[in-house]
Amino acid sequence: EVSRRKAEALGIVVLGDAGPWQIDVCVDGADEVSENLDLIKGGGGCHSREKIVNQAARQNIIVVDESKLSSRLGEKWSVPVEVLPFGMGSVRAWLERFGAVSLREQAGRAFVTDSGNHIYDVNAGSIPDPAALDRELRALPGVVDTGLFIGRADLVLVAGRNGVRQLRR
């Protein structure tokens, strides 16, 4: 919503929330990118909405610096898991099967997403099968979505000391 307000203040036309949209290219960042070009997103707390836009786009371009690259997801970032406020204590207990869980906070209070939900960051360590973990997490009652973006990056642009390189699926 903050980005929406900034764009509108600059006179940029913003699409409505409901969709469906005809998006040719989505350009976004990521918190971590694996060798398979799978992603962890959600450090900013908008991964559920970003995943909807990402899915609607014909092509997804991810822009990162080389510090975001890893062999496997989970080596550098925990997995953000958006959960409903109702029953979130139970959801936390279920999430603890997958690793250490922490409630994301902002200014000493539980962080609230634009959709009114909360985020648990799950430190699952190095993830051998991100697609399987994503399915297991999303199957838990109360989980809205995860920050695992599997098979969704078409092109990753990586800025580094020697310029920008392109990684393609």
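**Close-up A. Residues around the largest cavity of this predicted model.** Eight names are worth picking out here: Gly-45, Cys-46, Ser-48, Arg-49, Glu-82, Thr-113, Asp-114 and Ser-115 line the largest cavity. Its volume comes to about 40 Å³. If you are setting up a search for internal space, expect one cavity of 30 Å³ or more in the structure.

**Close-up B. The largest pocket and the elements that line it.** Here the space amounts to about 920 Å³. Helix H1 (2-9), strand E1 (23-28), H2 and strand E4 (57-65) are the elements that each give two or more residues to the lining. Which element gives the most? That is H2, with five residues. The lining has 27 residues in total, and those nearest the pocket centre are Ser-3, Arg-4, Arg-49, Glu-50 and Val-53. Arg-49 may look familiar from the previous view, since this residue also lines the largest cavity.

**Close-up C. Lys-41 and its surroundings.** Find Lys-41 in the loop that runs between strand E3 (39-40) and helix H2 (47-56). Is this lysine buried or exposed? Lys-41 counts as buried because its relative accessibility is 3%, and the cut-off for buried is under 20%. Its side chain makes a polar contact, at 3.2 Å, with the side chain of Glu-50. Glu-50 is also one of the residues nearest the centre of the largest pocket. Beyond the neighbours within four places in sequence, Lys-41 is in contact with Asp-28, Gly-29, Ala-30, Asp-31, His-47, Glu-50, Pro-80, Gly-147 and Phe-149.

**Close-up D. The ring of Phe-149 and two lysines.** One of the Lys-41 contacts, Phe-149, deserves a view of its own. The charged end of Lys-41 sits over the Phe-149 ring, 5.5 Å from the ring centre. Lys-51 also lies over the face of Phe-149, and here the distance to the ring centre is 5.1 Å. How many aromatic pairs does the structure hold? The count is zero.

**Close-up E. The buried residues of helix H4.** Pro-130, Ala-132, Leu-133, Asp-134 and Leu-137 are buried in H4, which spans residues 130-138. What do these buried residues pack against? Their partners are H2, strand E5 (79-83), helix H3 (88-95), strand E10 (143-146) and strand E11 (148-149). H2 thus turns up once more, having already appeared in the lining of the largest pocket.

**Close-up F. Backbone details in three loops.** As background for this view, most residues other than glycine have a negative phi, and most peptide bonds are trans. In the loop between H1 and E1 you will find Pro-20, joined to Gly-19 by a cis peptide bond with an omega of about -5°. Leu-37, in the loop between strand E2 (32-33) and E3, has a positive phi of about 65° although it is not a glycine. Ala-107, in the loop between strand E7 (105-106) and strand E8 (109-110), likewise has a positive phi, near 55°. Where do these two residues fall on the scale of burial? Leu-37 is buried, with a relative accessible area of 4%, whereas Ala-107 counts as exposed at 81% relative accessibility.

Notes:
Residues numbered from 1 in each chain as written. Predicted model: local features only at pLDDT ≥ 70, side-chain atom pairs only at ≥ 80, totals over all residues. Heavy atoms only, no water. Helix = DSSP H or I, 4+ residues; strand = E, 2+ residues; numbered from the N terminus. Buried < 20%, exposed > 50% of the residue type's maximum accessible area, 1.4 Å probe, protein only. Polar contact = N/O pair within 3.5 Å; in protein donor to acceptor, adjacent residues only side chain to side chain. Contact = heavy atoms within 4.5 Å. Phe/Tyr/Trp six-rings, centres within 6.5 Å; stacked < 30°, edge-to-face > 60°. Lys NZ or Arg CZ within 6 Å of the ring centre and 35° of its normal. 1 Å grid on protein atoms, 1.4 Å probe; cavity = no way out; pocket = protein on both sides within 12 Å on 5 of 7 lines; lining within 4 Å. Points joined across faces, edges and corners; volume = space filled by probe spheres on them.
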